[in-house]
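Here are a few exercises to work through with the structure open. Try each task before you read its solution.

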Amino acid sequence: MPINAEYRGPGELPEIIPVFPLPGALLLPRGQMPLNIFEPRYLAMVDDSLRDGHRLIGMIQPDISHSKDENRPMLFKVGCVGRITQLAESGDGRYILELTGVSRFRVVEELTVLTAYRQCKVDFFPFVDDFTARKGEEAVDREALLEVLTDFLNANNLKVDWEGIESAPNEALVNALAMMSPYGPAEKQAMLEAPDLKTRAEILIAVTEMDLAKKRTSGGDTGLQ
């Protein structure tokens, strides 16, 4: 999706961003994520993001397994910032958003702030390649990715728009499948932190193959969550 801002490198993004901790949520550069915002603290976060003009929200997973306080869990060290590219008011107090991924970031520190939502100082420089669209996509094993996708669809009696899939560039295909995949926070985090698109595709293929093998052994069905 086209966006009105052009981010050419890490220096064009703020070093302090609001963050939205959400388990199982995976946003990747140039991917689109729909969000239904209803909690007052996150409604305020959206308002502040629009008021400040940057329209940016950092998506990050809470690290539940290493957290002592379930009301304020620790955060994973890597997330992805997205720009609000669509916003609609529901009429019942909610915002319906779409975020378009810009770049991954590494958390430098979480700040002590007066806002009800959390804010972090972040570093985008470890992910400078995120600013180059379709970087490294020629190294992706597209055939292997489509083969495991076919197996997954057949195992779950699902259908997809094959014409759209076949016409999608490798970056869009890998990132969309990773974002939509039904796997848990650990698998999502591994795909997020993959050093390049090739590795992300390999992780997605491996996780899907393991899941299909486990379901075949147990006689169960997989299903999109």
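**Exercise 1. Neighbours of a strand**

Find the residue in S3 that Val19 stands opposite, then work out how S1 pairs with the strands beside it.

Solution. Keep in mind that this is a predicted model. Start at Val19: across from it in S3 sits Gly58. Now widen the view to the strands themselves. S1 covers residues 16-21 and S3 covers residues 56-60. These two run in the parallel sense, joined over three bridges. Next, look at Ile17, whose bridge partner in S6 is Cys120. S6 spans residues 118-123, and its pairing with S1 is antiparallel, over four bridges.

**Exercise 2. Covered or open?**

Decide how many of the six residues of S1 are buried.

Solution. Take buried as under 20% relative accessible area. By that cut-off, five of the six residues in S1 are buried, so the strand is mostly covered.

**Exercise 3. Two packed helices**

Describe how H5 (residues 185-193) packs on H6 (residues 197-218), and which residues meet.

Solution. Begin with the geometry: the axes lie 8 Å apart, at an angle of about 160 degrees. Angles over 145 degrees count as roughly antiparallel, so that is what H5 is to H6. For the handedness, H5 passes H6 in a right-handed crossing. Now go to the side chains. From H5 come Glu187, Ala190, Met191 and Leu192, and they meet Arg200, Ile203, Leu204 and Val207 of H6. Sort the contact residues by type and you get six nonpolar, two charged and no polar.

Definitions and conventions. Residues numbered from 1 in each chain as written. Predicted model: local features only at pLDDT ≥ 70, side-chain atom pairs only at ≥ 80, totals over all residues. Heavy atoms only, no water. Axes fitted to C-alpha atoms, helices over the stretch in contact; angles between N-to-C directions. Parallel < 35°, antiparallel > 145°, perpendicular 65-115°, else oblique. Left-handed = near helix turned anticlockwise from the far one by under 90°. Contact = heavy atoms within 4.5 Å. Nonpolar A, V, L, I, M, F, W, Y, C, P; charged D, E, K, R; others polar. Buried < 20%, exposed > 50% of the residue type's maximum accessible area, 1.4 Å probe, protein only. Pairing = 2+ DSSP bridges.
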